[in-house]
Amino acid sequence: MLQAIELTKRYEDGQLALDALNLEIKPGEIFFLLGANGAGKTTTINLFLNFIEPTSGKAIIDGIDVMENPLETKKYISYVSENVMLYGNFTARQNLDFFAKLGGKTNLRKEDYYTIMRKVGLQEEAFEKKLKTFSKGMRQKVGLAIAIIKDAPNILLDEPTSGLDPKSAAELMQILNNLRNTGKSILMCTHDILRAKSVADRVGIMKEGRLVMLRSREEFLQDDLERIYLDYMQETVMMP
Amino acid sequence: MIGLIARKDFFLNLTSARFILGFLICLFIIPFTLVVSMDRYKGQENVYKVLNDNAEKLLNEARVYSQARPEVVRKPQSLSVFCEGISENLGMSTKVYLGDYPMFLSGQATAKDNPLLNAFFSIDFTSIIAIIMSLLALVFSYDCFTREKENGTIKMILVNKINRSSFFIGKLLGILLTLLPILFFCYLLGILFLVVSPNVALDSNTWLSIGLLFISAVLYVVVFVLLGMFISSMSRQSSTSIIVSLLVWIWFLFLMPNMASYAAQNFVKTDLYENLQFAVSEVNKRHSKQRRDKRLEIQKQLGIDGPNSFISKNDDDGRIEFYGGPKVTFDFHRILTPFEVSYLLDYADKKWALQKSYVDDLMKQEKTQHYLSLLSPSEIFIQLSSSLCHTDANAHSLYMDKLREYRESMIQYFRSNKYFESSLWFTPNKYDLLCDSEEEYKKLSGDWYEAFLKGKEAEKEFSEKYMPKEWLSENNAYLDLSDFPRFAYKPQITGPALNYAISRFAMLLFIALVILMLTMLRFSGYRI
């Protein structure tokens, strides 16, 4: 479970990136955080991952305060970034092997890696190919395989569909759906409203560091999410 | 975790184009440099053998002790194959005089001495290691954080149970694991070249030096790897990092040492060598006058116009050798020699006071350059290497000190055996063989001259009939100089040389630790 309690981040230059965020993502839930660039989505993820320190408030992962015990919380979290380049001179399996071992999975066999790669939809012939020959979609699948193989109860995804073709994006959503069904808490930051509508259990819209809107699946399906989102974005554009 | 990161980086580096390129560069340049250095060393060895044999032959052909002036030839250092230092700037030999302290080595320093050839630049193994390994260290480290950031992998790594310092250490080890085999390979090649060379005898001290050379090279590589990592931790992009790294490399390797040399020459002024020569020549003039006055005084005392002899050789350093003549010439030299030696030694001290001040100024200049160069890790490494190879200015200075001590031991040898008071100082002829009076000698030499004018046969007949055969130098035996002190000095890594090496080693270590701390501090707040 992921919890943000009054989570605030003000950078050294004075910019308020996140303003008293309160959020709770339960096991078996996919939460989509929408917002324009600079709205505070990535800052939220970075605070959960302890890549930056909060100015105030708490980020809690499975009941453990990230600030108090950062290394312990890392056991319970996986992450997929926007641009998963990974190591080009490693094969897909070697990349998976390296990150799996980092995640504490030291007894996996080649077949275990192949199973995960099949699960994320990577073609069989790509398993032992160097990653530098992969398309962005294929690399993103390997990134997701890395997140899955760690088998952490919480998964954070930072704009994973950006730059992906519609087919790859749809496949990714299917995988997220499956992960949700295994009880994972999933926080995904994105601009992609279509994908949010397809799999999200809840959606939040961020603007200037504040969570300005929170809707459950039933609510946003009724309310026309695109219109609500665009309204918020227009307000942003019109601001002096 | 550290091992995992290190292994990953090691493997990725091994399969990278920069590793293959770096290894190939080393594979071609290092053996080439070693061949050139070994060839140069062999040439020096040949020059040394020729000069040393000639010097020994010349010493053993002395018939009087005043001619026993050894020429000392410096044996080339086998480790100069690794680091040439200043050895090629200096000569290899010097004659040990009574009237002068040894100041510099002079003469030929290499077998290749065609002044018209300017094509071959002088560069040695250590310089090549300093250039290539520092470049490779920066090439492997300049993007160690920026690349992980650009590829998004740093976040994917740090999302696991690994802290930043472990990640940092893992990266450092990964780069070192890649570079150290290359460095080891280079030194192994160097050692192989030494081991298979018939000219080189490797004793325990040489092995110790080689071991320390390798350790200092490892430390040098660590410094540059840390420097690259520091630059990477300060940069947001690899493109910025590589430009800064290259500028830093050029600064440390080329600009800094040259600026240090330039600054040292400008901050610490030395007198012109011509001025020293002039001052020394003034002392020599005073010496000549005192000597001439003494000679005139003794001539007056003995009632002679000058020391007559059948054969006579003498020079300003008190080297006198005469054969045949009146007994009064014998008496003249017997009275003169103790004074002459005393004047020589006295004026040598006076000249040395001037020369020492000049040499001290040169050393001061050299030390200033060294201290200014300490801002560059590559210069510290080169200084450390040349110190371990006994080819630096300190080794030369120590060698010259030993030479001056040797001169003292030579003087002591003459003194303790009372050769300054002995007739063997100036002639092997016995007193009885000489003419009783000057008139007798003048008549004999006049008759000989007439016979000489008549031709070879007449001269030979006259000589055999009227002149003792010992009046000719070749009819006198050489001196037995088996107990004459010989110069024997082998530089060791002990005492001041060891202290110097340790101080430079400590400086490299200090720089490495400072950069390590700064980089860790910087990386702890690195925005990923």
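Domain bounds here come from an automatic or database domain assignment. The model is predicted.

**Stop 1: chain B, whole chain**

Select chain B and colour it by domain. Domain 1 covers 2-113 + 122-272 + 362-410 + 487-524, and domain 2 covers 273-361 + 411-475. The centres of domain 1 of chain B and domain 2 of chain B, over C-alpha atoms, are 52 Å apart. Now show the contact between them. Domain 1 of chain B contributes 23 residues and domain 2 of chain B contributes 33 residues. On the domain 1 side, two elements of chain B give two or more residues: helix H10 (327-373) and helix H12 (393-416). Colour that side by class: ten residues are nonpolar, six are polar and seven are charged.

Zoom out for the overall outline. Chain B holds 15 helices and four strands. Its C-alpha atoms fill a box of roughly 110 × 45 × 40 Å along the principal axes. The radius of gyration of chain B is 33 Å, whereas a compact globule of 528 residues would have one near 24 Å. As for burial, 34% of the 528 residues of chain B count as buried. Then turn on contacts in chain B with a separation of 6 or more: 82% of them join residues 24 or more positions apart.

**Stop 2: where chain A meets chain B**

Select both chains and show their contact. Here 22 residues of chain A touch 19 residues of chain B. Which elements give two or more residues to the chain A side? They are strand E6 (77-80) and helix H3 (92-102) of chain A. H3(A) gives the most, with four residues. By class, the chain A side has 13 nonpolar, six polar and three charged residues.

Keep H3(A) selected and switch to confidence colouring. Among the elements of chain A, H3(A) has the highest mean pLDDT, 93. Helix H9 (residues 225-238) of chain A has the lowest, 70. For chain A as a whole the mean pLDDT is 87, with 98% of its residues at 70 or more.

**Stop 3: the largest nonpolar core**

In soluble globular proteins, nonpolar side chains tend to be buried together. Look for that pattern next. The largest nonpolar core has 139 residues. Those with the most contacts inside it are A:Phe48, A:Leu96, A:Val142, A:Ala145, B:Val221, B:Val223 and B:Val225. Helix H7 (residues 204-234) of chain B supplies the largest share of this core, 14 residues. Apart from this core lies another, of ten residues, including B:Val64, B:Phe310, B:Tyr323 and B:Trp425.

Pick A:Ala145 on the chain A side. Beyond residues up to four places away in sequence, A:Ala145 touches A:Leu96, A:Ile116, A:Met117 and A:Val120.

Cross to B:Val225, in helix H7 of chain B. B:Val225 is buried because 29 other C-beta atoms lie within 10 Å. Leaving aside neighbours within four places in sequence, B:Val225 is in contact with B:Ala137, B:Ser141, B:Leu172, B:Ile175, B:Leu176 and B:Leu179. Now draw a distance to B:Ile515. The C-alpha atoms of B:Val225 and B:Ile515 are separated by 9.8 Å, with their positions 290 residues apart along the chain.

**Stop 4: helix H1 of chain A**

Select residues 41-48 of chain A. Is helix H1 mostly covered or mostly open? H1(A) is mostly covered, with eight of its eight residues buried. Among them are A:Lys41, A:Asn46 and A:Phe48. Step past the helix end to A:Asn50, which follows H1(A) and has a positive phi, near 65°.

**Stop 5: two more positive phi values**

Most residues other than glycine have a negative phi. Two loop residues of chain A go the other way.

Start with A:Asp62, in the loop between strand E4 (56-61) and strand E5 (64-65) of chain A. A:Asp62 is not a glycine, yet its phi is positive, about 45°. Move on to A:Glu159, in the loop between strand E7 (154-158) and helix H6 (166-181) of chain A. A:Glu159 is not a glycine either, and its phi is also positive, about 45°.

Which of these loop residues is buried and which is partly exposed? The cut-off for buried is 20 or more other C-beta atoms within 10 Å. A:Asp62 has 17 C-beta neighbours inside 10 Å, so A:Asp62 counts as partly exposed. A:Glu159 has 20 C-beta neighbours inside 10 Å, so A:Glu159 counts as buried.

Key
Residues are numbered from 1 along each chain as its sequence is written. Chains are lettered from A and ligands numbered from 1 in the order in which they are written. This is a predicted model: local features need pLDDT of at least 70, side-chain atom pairs count only at pLDDT 80 or more; totals for chains, interfaces and linings use all residues. Two residues are in contact if their C-beta atoms, placed from the backbone, lie within 7 Å. Ala, Val, Leu, Ile, Met, Phe, Trp, Tyr, Cys and Pro count as nonpolar, Asp, Glu, Lys and Arg as charged, and the others, Gly among them, as polar. A nonpolar core is a set of buried Ala, Val, Leu, Ile, Met, Phe, Trp, Tyr and Cys residues joined through C-beta atoms within 7 Å. A residue is buried if 20 or more other C-beta atoms lie within 10 Å of its own, exposed if 12 or fewer, and partly exposed in between; C-beta atoms are placed from the backbone. The radius of gyration is taken over C-alpha atoms; the globule rule is 2.2 Å times the number of residues to the power 0.38. pLDDT is the predictor's confidence in each residue, from 0 to 100.
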